[in-house]
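Trainee: Hey, could you walk me through this one? I'm new to reading structures.
Mentor: Sure, take a look and ask away.

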Amino acid sequence: MQTVLIVFHLMIVVALVASVLLQRSEGGALGVGGGGGFMTGRGQANALTRATAILAGLFFVTSLSLSIIASYNRAPKSILDTAVPAGVTTTAPVQGGSPLDQLKRLEQQRNSTAPAAPTAPAVPATPEAPKSQ
């Protein structure tokens, strides 16, 4: 549905631009004189004005419809509703002290439960020299 409405909206946009550009200039807007044009009669001006108004109304209707359809599936999201990633344990906040003291305690708790880091070998490995034939 949304794709069909977008295609219809784009066709309306192209037709609206064409109808605006076909209208006779009244002059003075950008310093360009009116003069003759493709459709210079009074009857054509009324038809183009009417067509432009209808296309503008359709443009507004399709724009509003597209925005309503786009917001229909969007739901407000809360940080509290998000799931905790796997492997992360939540701990209760530490009471008392400044926020820096609380952070230090939390860091100490994490370090005490973290696995020990692997130790480096005592003797460094030496690369073997290439054998000559």
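Mentor: One term to start: a residue is buried under 20% relative accessible area, exposed over 50%, and partly exposed in between, using a 1.4 Å probe and protein chains only. Of the 133 residues in this chain, 9% count as buried.

Trainee: What kind of model is it, and how are residues numbered?
Mentor: It's a predicted model, where local features need pLDDT of at least 70, side-chain atom pairs count only at pLDDT 80 or more, and totals for chains, interfaces and linings use all residues. Residues are numbered from 1 along each chain as its sequence is written, and side-chain values use heavy atoms, with hydrogens and water left out.

Trainee: Cool. How many helices and strands?
Mentor: The chain has 3 helices and 0 strands, so the term matters here: helices (H or I, at least four residues) and strands (E, at least two) are DSSP runs, numbered from the N terminus. Along the sequence the pattern reads α-α-α.

Trainee: Okay, new topic. Which residues make up the nonpolar patch on the surface?
Mentor: Val7, Phe8, Met11, Ile54 and Leu58, with about 460 Å² of accessible area together. Helix 1 (2-22) and helix 2 (42-72) are the elements that each give two or more residues to the patch, and helix 1 has the largest share, 3 residues.

Trainee: What counts as a patch?
Mentor: Its residues have over 30% relative accessible area and no salt bridge (a side-chain nitrogen of Lys or Arg within 4 Å of a carboxyl oxygen of Asp or Glu). Nonpolar side chains (Val, Leu, Ile, Met, Phe, Trp, Tyr) are joined within 5 Å, like charges within 9 Å. The areas come from the Shrake-Rupley method with a 1.4 Å probe, and for residues only the protein chains shown count as cover.

Trainee: And why is Phe8 called partly exposed?
Mentor: Because its relative accessible area is 38%. Phe8 lies in helix 1.

Trainee: Switching again: is Thr62 buried or exposed?
Mentor: Thr62 is buried, because its relative accessible area is 4%. You'll find Thr62 in helix 2.

Trainee: What does Thr62 touch?
Mentor: Leaving out residues up to four places away in sequence, Thr62 touches Leu5, Phe8, His9 and Ile12, where contact means heavy atoms within 4.5 Å.

Trainee: Which side chain has a polar contact with Thr62?
Mentor: That of His9, at 2.6 Å. A polar contact is a pair of N or O atoms within 3.5 Å; within protein, one must be able to donate a hydrogen and the other to accept it, and residues adjacent in sequence count only if both atoms are side-chain atoms.
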